[in-house]
Amino acid sequence: MNDLKHYAVFAEVVASGSMSAAARKLNMTPSAVSQIISMLERQSGVSLLRRSTRKLVLTEAGERCYPHCLRLLEARNAAAASLEHARDAPGGELRIAAPLGFGAYVAPALAPLLAEWPQLRLSLLVDDELTDLVASRIDLALRVGSLPDSSWVGRKLGDMETVLCASPAYLERWGTPQFTDALYQHHWLALMNEVQLRATPDRIDDNPLPTFQLPVMDENNRLEKITLTVRTTTTNQTALRQMCEQGAGIARLFYPDVRAALEQGLLIKVLPNIQLPSYPLTLLTSERNPGQAKIRLAVSALTAFFSFLPKKKPSL
């Protein structure tokens with residue numbers, strides 16, 4: 001591999017016209033450049049340059065060798081320029097993995113970045129299942145809740161607050177619960193990954209009931225879990241919200257996802273005074289200080305966007 005460097009130094013000497021000029025461009029001493037040229041001549045067994053006090057002249061062997069070395073030098077410079085461009089100017093494909101429903105956040109967060117840099121392309125992979133970040137060539141990943149062990153670096157963007165919601169039609173038909181004890185009497189919607197199957201001795205059939213645990217903070221700020229029977233399950237948060245809006249039951253939903261529906265009256269908060277735990281929203285990157293401009297600027301844009309995530313208001 002050092003031979004490649006030797007040929008590149010030879011090309012720079014010829015292109016610059018002198019050992020000292022090449023040394024300045026290569027950030028080397030003239031003596032080190034001279035030694036490399038001498039080493040290359042000893043290894044090849046031929047002279048490449050005729051040296052005088054005023055100039056350097058290529059030998060016949062040097063003239064034949066120089067065009068090949070020049071292409072090597074140009075390739076090196078092009079490679080260095082491409083790395084500098086990746087560091088300084090965002091371009092190419094930016095691959096982001098996020099849970100379903102988070103496209104509504106990623107798109108507006110990165111819209112200004114995409115508008116400013118037309119050469120940047122976005123590939124957004126949305127899936128509630130954990131994506132293999134390495135195999136899928138992911139640059140950034142958004143995660144909600146606890147994180148599995150990973151070598152990736154996590155940056156907390158904020159907390160996703162949750163609320164209990166139901167449609168006006170559902171509450172009109174089944175009543176509005178006033179206390180947590182009344183929650184057992186209602187139809188519940190939940191994500192499949194939150195549901196467990198529980199067998200009960202009083203059931204006639206052998207099919208266990210699907211249940212999920214609703215975490216609630218008590219008056220002493222201690223977490224307690226209420227086990228509720230689930231009637232309807234789904235695999236993603238967006239479908240859960242849509243079924244809730246259609247009156248299928250009560251659901252625990254992320255507040256930023258349902259804020260507009262609450263303001264429009266499509267959904268109503270259930271037990272608005274109870275405190276539900278929030279879930280951390282984390283941005284994952286493969287390195288702590290990303291060198292590529294597209295990743296560095298995307299991290300900055302997402303961090304700024306989620307810092308303005310709407311918070312719950314008691315009046316809603």
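**Figure 1. R137 in the loop between strand 4 and strand 5.** R137 is found in the loop that links strand 4 (120-126) to strand 5. This is a predicted model. The phi of R137 is positive, about 55°, although R137 is not a glycine. R137 counts as exposed because its relative accessibility is 52%, and the cut-off for exposed is over 50%.

**Figure 2. A141 in strand 5.** Strand 5 covers residues 140-144, and A141 lies in it. A141 has 0% relative accessibility and therefore counts as buried. Leaving aside residues up to four places away in sequence, A141 touches A97, L133, T282, L283 and L284. A98 is 43 residues from A141 in sequence, yet the two C-alpha atoms are 5.8 Å apart.

**Figure 3. N27 in the loop between helix 2 and helix 3.** N27 lies in the loop that follows helix 2 (19-26) and precedes helix 3 (30-44). N27 is not a glycine, but its phi is positive at about 60°. With a relative accessible area of 74%, N27 is exposed.

**Figure 4. The open sheet of five strands.** The strand order in this sheet is 12-8-13-7-14, and the pairing is mixed. Strand 12 (232-234) and strand 14 (268-269) are the edge strands, each pairing on one side only. Helix 7 (residues 237-245) packs on the sheet and touches strand 7, strand 8 (188-191), strand 12 and strand 13 (250-254). The direction of helix 7 makes about 135° with that of strand 13.

**Figure 5. Strand 7 and strand 14.** Strands of a sheet pair through backbone hydrogen bonds, either parallel or antiparallel. Strand 7 (residues 162-166) and strand 14 run antiparallel and are joined by two bridges. A166 has I268, in strand 14, as its bridge partner.

**Figure 6. Helix 8 and its buried residues.** Helix 8 (residues 255-264) lies across strand 7, strand 13 and strand 14, and runs at about 115° to strand 13. Its buried residues are Y255, P256, V258, A261 and L262. An α-helix has 3.6 residues a turn, so residues three or four places apart point the same way. The elements that the buried residues of helix 8 pack against are helix 5 (103-116), strand 6 (153-160), strand 7, helix 7, strand 13 and strand 14. G265 follows helix 8 and has a positive phi, near 85°.

**Figure 7. Cysteines without a disulfide.** The count of disulfides is zero, where a disulfide requires two cysteine sulfur atoms within 2.5 Å. For C65, the nearest cysteine sulfur belongs to C69 and is 3.4 Å away, and C65 is in no disulfide. C65 counts as buried because its relative accessibility is 18%, and buried means under 20%. C165 is also in no disulfide; the nearest cysteine sulfur, that of C244, is 5.7 Å away. C165 has a relative accessible area of 0% and is therefore buried.

**Figure 8. The protein chain as a whole, for orientation.** The protein chain has nine helices and 15 strands. It has 316 residues, of which 40% count as buried. Of its contacts with a separation of 6 or more, 71% are between residues 24 or more positions apart. The chain exposes about 18000 Å², and carbon and sulfur atoms supply 51% of that area.

Note on methods. Residues are numbered from 1 along each chain as its sequence is written. This is a predicted model: local features need pLDDT of at least 70, side-chain atom pairs count only at pLDDT 80 or more; totals for chains, interfaces and linings use all residues. Side-chain values use heavy atoms; hydrogens and water are left out. Helices (H or I, at least four residues) and strands (E, at least two) are DSSP runs, numbered from the N terminus. Buried means under 20% relative accessible area, exposed over 50%, partly exposed in between (1.4 Å probe, protein chains only). Contact means heavy atoms within 4.5 Å. Accessible areas come from the Shrake-Rupley method with a 1.4 Å probe; for residues, only the protein chains shown count as cover. Two strands pair if DSSP finds at least two bridges between them. Axes are lines fitted to C-alpha atoms, for helices over the stretch in contact, and angles run from 0 to 180 degrees between N-to-C directions.
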